[in-house]
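Student: I would like a close look at a single part of this model, the place where two helices pack against each other. Please take me through that packing with care.

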Amino acid sequence: MTESVFGKISVLVVDDSAYMRHLLLTLLQALGVNEIHLAINGEEAWELLNSKEPDIVITDAAMVPGDGFMFAKRLRSLRGRALGMIPIIMVSGHTDLESVERARDIGITEFLSKPISARGLYERLIQVIDRPRTFVETPTYRGPDRRRRDTPFEGTDRRGSIALL
Amino acid sequence: MANRSMTSHLAGHEAARGETPPDVRFIRVPSIAERKLGADYVAPIRLDPRVLDQMQSTIRTLETKYAEALSAQISMLQLLVEPSAKGDSEARSRLYSLSHDMRGLAGTFGFPLVGRFADSLCRYIENCHEEDWRDGSVLRFHVDAIRDAVDNPGTDPAITMETLNALERLIAATRGNRKMAG
């Protein structure tokens, strides 16, 4: 079952490191992903995103020109198109709280810290393929619901009405 | 797109009272697996140990190649320290790029210590002032530590930690001196 899902998805990998691109490519191939597109920066990724319309994006954070944050922000700004809601997995060596929160607040779906492991990548792919989070649109945020836990909180719960895509 | 009400248990009374403001929308996105597999979809998709083995074996096959590349990259780092100290911006950019690669990849391919030292080096370069570059000593110590981590993989972890701490202290002292001088 798992293999057949991976055989049907397309993934866009964005990383300025040739080694990291190669590693992600071979790991995705080992998973059975047939359609993999590679970009070396955010600018190239934008072209591929629009022409190939992948199911998932895996992007590095620090790249020139057009880093992963800018690319993700641009992707999430695609309102009215399903492409603007696709899962984004950010792979980064910057694992400080500030970077992780920045990624979360621009609509990153999953964060994978470097050095990556086969298990870490596999688990996050299953997460975005099979357990999508509700997508939220507000004037200041567009991305997956940032609340992952069902714990009580102060304030108004605005999740009462959910639209189905 | 259809709207539907959904009872929330997240905020008790607030949920019952509150209505979603018009400028906030919650959209339920169908799972990719469901969309791609259609009637063949059986939830949930679980991690398959055989596939994971296959991925891990892929990493192992790349390890030898990476070890060779890493050795060449470290030699290059050693060569880049001097021109970087002399102001060569291309050498500086290359030095950072190589360290950044090591930070991200070395741990995956069985060189966790290289990754740690490279991480420390990257963080140092990210906040590097012209005087730091010109001095070059912190850069050199990092590159030596990276080389040592590859040449002596069995080093006692306590020594590695002490080296990392010493590098941190050196960075703090260098920056402290600069502040005092400034």
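Tutor: Angles between helix axes are sorted by cut-offs: under 35 degrees counts as roughly parallel, over 145 as roughly antiparallel, 65 to 115 as roughly perpendicular, and the rest as oblique. The model is predicted, so that local features need pLDDT of at least 70 and side-chain atom pairs count only at pLDDT 80 or more, while totals for chains, interfaces and linings use all residues. Residues are numbered from 1 along each chain as its sequence is written, chains are lettered from A and ligands numbered from 1 in the order in which they are written, and side-chain values use heavy atoms, with hydrogens and water left out.

The part to look at lies in chain B, which has eight helices and two strands (DSSP runs of H or I with at least four residues, and of E with at least two, numbered from the N terminus). Along the sequence, the elements of chain B follow the pattern β-α-β-α-α-α-α-α-α-α. Of the 182 residues in this chain, 41% are buried (under 20% relative accessible area, with a 1.4 Å probe and protein chains only).

Within chain B, helix H5 (residues 112-126) and helix H7 (residues 137-151) have axes that come within 8 Å and cross at roughly 170°, where axes are lines fitted to C-alpha atoms over the stretch in contact and angles run from 0 to 180 degrees between N-to-C directions. H5(B) and H7(B) are therefore roughly antiparallel to each other. Their crossing is left-handed, a term used if the near helix is turned anticlockwise from the far one by less than a right angle.

On the H5(B) side, the contact (heavy atoms within 4.5 Å) is made by B:Leu113, B:Val114, B:Phe117, B:Ala118, B:Ser120, B:Leu121, B:Tyr124 and B:Ile125. H7(B) contributes B:Val138, B:Leu139, B:His142, B:Ala145, B:Ile146, B:Ala149 and B:Val150. By class, the contact of H5(B) with H7(B) has 13 nonpolar, two polar and no charged residues, where Ala, Val, Leu, Ile, Met, Phe, Trp, Tyr, Cys and Pro count as nonpolar, Asp, Glu, Lys and Arg as charged, and the others, Gly among them, as polar.

As for the chain around this pair, 63% of the contacts in chain B between residues at least 6 apart in sequence join residues at least 24 apart. Chain B exposes about 10,200 Å², of which carbon and sulfur atoms supply 53%, by the Shrake-Rupley method with a 1.4 Å probe.

Key:
Buried means under 20% relative accessible area, exposed over 50%, partly exposed in between (1.4 Å probe, protein chains only).
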